[in-house]
Amino acid sequence: MAAKAVPVVRADYPKTWFAAGATALAGAAAYSAWSALDSIEEFGRYFWGGAAVLACILLFAIFLPPLFTSHRLGARGIRVRMGLLIDVTVPYEWIVETRHASVKRGTLSFGLGVKYSGASDTVYVLSTSSNLISVVLDAKHGLGGFMRPDVSQLVLSVKDPSTVMDVIRERSGQAFEEA
């Protein structure tokens, strides 16, 4: 008997802040490059040229890659991706519970992107402070490299939390909650 194919479900996260940051940095890079070319003094050319290079590095390393990535719910686990900031796979065998979550302090104080919190054993992969889901793991697991603390919970921003939670619950064998 042939194995049943499990479709990969794409779980997008809101990308508004990444798009706004990319636009602002592209504008800063363009202004800096123009200022470097227009500067009369040598110090001004080096200063504005360095500012343009720094803005381009931030643009291409931090703000553009998340615009082209998303989380994937595959056959064996959740692939959590946010540009170059994080790229890990969490097997469904590790998942104990999936529920709606909230961040009391908001995205700006928690930061945009990926934050490991050793105090709560949680990794936050945030692009907004709304539409968050919490994925509770069976034990502490190392995610994201050997320099990162072990975590027992992930908090993810997704565009459609109910659908994502239903797929995770189905694939990890969790009982569905009655609404």
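With a relative accessibility of 16%, Lys15 counts as buried in this predicted model. Its side chain nevertheless finds a charged partner, since Lys15 and Asp12 meet in a salt bridge with an N to O distance of 3.8 Å. Asp12 is partly exposed, at 23% relative accessible area, and also pairs with Arg10, where the closest N and O atoms are 2.9 Å apart. Arg10 is itself partly exposed, with a relative accessible area of 45%.

A further pair is found between Arg99 and Glu97, whose closest N and O atoms lie 2.9 Å apart. Arg99 is partly exposed at 32% relative accessibility, and Glu97 is likewise partly exposed, at 30%. Returning to the earlier group, the salt bridges that share partners join Arg10, Asp12 and Lys15 into one network. Across the whole structure, the search finds six salt bridges.

Attention now turns to a charged residue without such a partner. Arg171 sits in helix H4, which covers residues 161-172. Arg171 is buried yet has no salt bridge; the nearest side chain of opposite charge belongs to Glu170, 5.4 Å away. That distance lies outside the limit for a salt bridge, because the nitrogen and the carboxyl oxygen must be within 4 Å. What the side chain of Arg171 does meet is backbone: one of its polar atoms lies 2.6 Å from the backbone oxygen of Leu73, and the backbone oxygen of Gly74 is 2.9 Å from a polar atom of the Arg171 side chain. Leaving aside residues up to four places away in sequence, Arg171 touches Val6, Pro7, Val9, Leu73, Gly74, Ala75 and Tyr92.

The helix that carries this arginine is regular in length. H4 has 12 residues and reaches 16 Å from its first C-alpha to its last, close to the 16 Å expected at 1.5 Å a residue. Its buried residues are Pro161, Val164, Met165, Val167, Ile168, Arg169, Arg171 and Ser172. These pack against five strands, namely S1 (9-11), S2 (71-73), S3 (77-82), S5 (95-101) and S8 (132-141). After H4 comes Gly173, with a positive phi near 80°.

H4 also takes part in the interior. The largest nonpolar core has 27 residues, and those with the most contacts inside it are Val80, Ile86, Ile95, Ile133, Leu154 and Ile168. At least two residues of this core come from each of S3, S4 (86-91), S7, S8, S9 (151-157) and H4. H4 gives the most, with four residues. Such grouping is a familiar pattern, as nonpolar side chains in soluble globular proteins tend to be buried together. Ile95 offers a closer view of the surroundings: beyond four places in sequence, Ile95 touches Ile78, Val90, Val135, Val136, Leu137, Ile168, Ser172 and Gln174.

A polar residue completes the picture. Ser127 is found in the loop between strand S7 (122-126) and S8. Although in a loop, Ser127 is buried, with a relative accessible area of 1%. A polar atom of the Ser127 side chain lies 2.8 Å from the backbone oxygen of Pro14. Residues up to four places away in sequence aside, Ser127 touches Tyr13, Pro14, Trp17, Phe18, Met82, Leu112 and Ser157. Like Arg171, whose side chain has polar atoms 2.6 Å from the backbone oxygen of Leu73 and 2.9 Å from that of Gly74, Ser127 has a backbone oxygen as a polar neighbour, that of Pro14.

Conventions
Residues are numbered from 1 along each chain as its sequence is written. This is a predicted model: local features need pLDDT of at least 70, side-chain atom pairs count only at pLDDT 80 or more; totals for chains, interfaces and linings use all residues. Side-chain values use heavy atoms; hydrogens and water are left out. Buried means under 20% relative accessible area, exposed over 50%, partly exposed in between (1.4 Å probe, protein chains only). Lys and Arg count as positive and Asp and Glu as negative; His and the chain ends are not counted. A polar contact is a pair of N or O atoms within 3.5 Å; within protein, one must be able to donate a hydrogen and the other to accept it, and residues adjacent in sequence count only if both atoms are side-chain atoms. Contact means heavy atoms within 4.5 Å. The expected span of a helix is 1.5 Å times one less than its number of residues. A nonpolar core is a set of buried Ala, Val, Leu, Ile, Met, Phe, Trp, Tyr and Cys residues joined through side-chain atoms within 4.5 Å.
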